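Here are some short exercises to work through with the model open in your viewer. Try each task before reading its solution.

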Amino acid sequence: VVAVAALGAKIVARFQQPAAWGLLLAFYPGIVASLSRNLTECVALAFALAAIDSAQSRRHWAAGLLGAVAVFCRETTLLMLMGFGVMQLLEIRVDRRTIHWVWYLLPLIAFLVWQAFLAHWWNQPPHSGGVQDLGIPFAGYLKLLWNCLFQSGLFSVSPVADWLMRGYTLAAALSAGLTLILILPKLANAPMTLVIPWIAYAILVMCLSNVIWLSPGEFLRAFTETYVLSILIAAATASTRVGQWLAISWAIVMLPTVVVFLR
């Protein structure tokens with residue numbers, strides 16, 4: 001988590017923004033959910049940010065290697081470097097001798113090799129059990145909002161406990177929605193290296209089923225990459241007001257997250 005804050009501060013410094021933006025990355029509630037379980041998001045995010053930092057410094061080989069390690073920690077980090085890879089491909093039009101884009105294939109190669117190994121080891125597709133995690137765009141999110149507002153006994157037979165959990169889940173879901181809404185207008189002025197993966201992750205998040213959205217621990221973890229890229233885009237576009245709104249909304253979610261997951 002300290003590495004996430006330090007790397008985040010280093011990355012936003014290139015956008016002439018204060019290091020406090022890096023703290024927003026480290027104090028994301030999904031990190032707390034990860035700390036209560038198996039540390040997947042913490043470690044994967046540290047390597048992913050190290051890969052982004054290397055890519056920004058044009059250490060393409062290091063970016064590819066760090067991105068591959070991040071993929072071994074958490075498969076969805078595969079998309080984090082996609083923007084840098086695409087931009088390097090576009091540079092071929094300027095200099096046909098450039099081969100830097102090849103390094104950005106390393107995360108994809110790591111992903112494919114590992115999936116092939118797991119398929120052989122388990123005798124079935126590795127993600128066959130996760131099909132229920134995806135569905136019609138927005139359907140899972142809208143169903144979550146409906147259930148939290150109108151369905152009693154959703155989390156507990158105790159009315160008080162159920163009301164508290166529904167309120168917490170609703171607050172976290174609304175913060176995720178607010179993040180997407182606030183960042184969307186900023187994409188036009190943001191670096192394409194961040195915009196391309198942000199769009200990919202936003203589409204993925206909106207396709208998550210109610211199975212994921214209804215569990216704060218699951219969708220907070222699933223929203224990790226989207227949140228991180230949102231903070232970086234806000235910093236890159238000097239959107240201080242947006243950063244303040246994101247800080248406030250997710251701070252509201254942080255306290256109950258600590259109570260629920262670290263109690």
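The exercises below concern a predicted model, and each one comes with a worked solution.

**Exercise 1. A chain of charged pairs**

Task: Find which residues form salt bridges with Arg74, and then say where the partners sit in the chain.

Solution:
- Start with the idea behind the search: side chains of opposite charge can pair when their charged atoms come close.
- Take Arg74 and Glu41 to begin with. The closest N and O atoms of this pair are 2.7 Å apart, so the pair meets the cut-off of 4 Å for a salt bridge.
- Now place the two residues. Arg74 is in the loop between helix H5 (60-73) and helix H6 (82-90), while Glu41 belongs to helix H4 (residues 40-56), and the two are 33 residues apart. Both Arg74 and Glu41 are buried.
- Move on to Glu225, which also forms a salt bridge with Arg74, again with 2.7 Å between the closest N and O atoms. Glu225 lies in helix H13 (residues 224-236), 151 residues apart from Arg74. Glu225 is buried, as is Arg74.

**Exercise 2. Following Glu41 further**

Task: Which arginine in helix H12 pairs with Glu41, and is that arginine buried or exposed?

Solution:
- Look at the side chains: Glu41 and Arg221 meet in a salt bridge, at 3.0 Å from N to O.
- Check the positions. Glu41 is in helix H4 and Arg221 in helix H12 (residues 216-222), so this pair links distant parts of the chain, 180 residues apart.
- Check the accessibility: Arg221 is buried, and Glu41 is too.
- Put this beside Exercise 1: Glu41 has salt bridges with Arg74 and with Arg221.

**Exercise 3. The wider tally**

Task: How many salt bridges does the model contain, and which residues join Asp53 in a network of them?

Solution:
- Counting with the 4 Å cut-off gives eight salt bridges.
- For the network, look around Asp53: Lys10, Arg14 and Arg59 are linked with Asp53 through salt bridges.

**Exercise 4. Looking for disulfides**

Task: Explain why Cys42 and Cys73 do not form a disulfide with each other.

Solution:
- Search the whole structure: the result is zero disulfides.
- Turn to Cys42. Its closest cysteine sulfur is in Cys73, 11 Å away, which is too far for a bond because a disulfide needs sulfur atoms within 2.5 Å.
- Run the check from Cys73, and the closest cysteine sulfur is that of Cys42, at 11 Å.
- Add the surroundings: Cys42 is buried at 7% relative accessibility, whereas Cys73 is partly exposed at 25%.

**Exercise 5. Positive phi angles**

Task: What is the sign of phi at Gln16 and at Arg58, and where do these residues lie?

Solution:
- Recall the background: most residues other than glycine have a negative phi.
- Gln16 is not a glycine, yet its phi is positive, about 60°. Gln16 lies in the loop between helix H1 (2-13) and helix H2 (20-26), and is exposed, with a relative accessible area of 67%.
- Arg58 also has a positive phi, near 65°. Arg58 is in the loop between H4 and H5 and counts as partly exposed at 49% relative accessibility.

**Exercise 6. The neighbours of a serine**

Task: Is Ser54 buried or exposed, and which residues does Ser54 touch beyond four places in sequence?

Solution:
- Locate Ser54 in helix H4.
- Read its accessibility: 3%, so Ser54 is buried, the limit being under 20%.
- List its contacts: Arg59, Ala62, Ala63 and Leu66, leaving out residues up to four places away in sequence.

How values were computed
Residues numbered from 1 in each chain as written. Predicted model: local features only at pLDDT ≥ 70, side-chain atom pairs only at ≥ 80, totals over all residues. Heavy atoms only, no water. Helix = DSSP H or I, 4+ residues; strand = E, 2+ residues; numbered from the N terminus. Buried < 20%, exposed > 50% of the residue type's maximum accessible area, 1.4 Å probe, protein only. Contact = heavy atoms within 4.5 Å.
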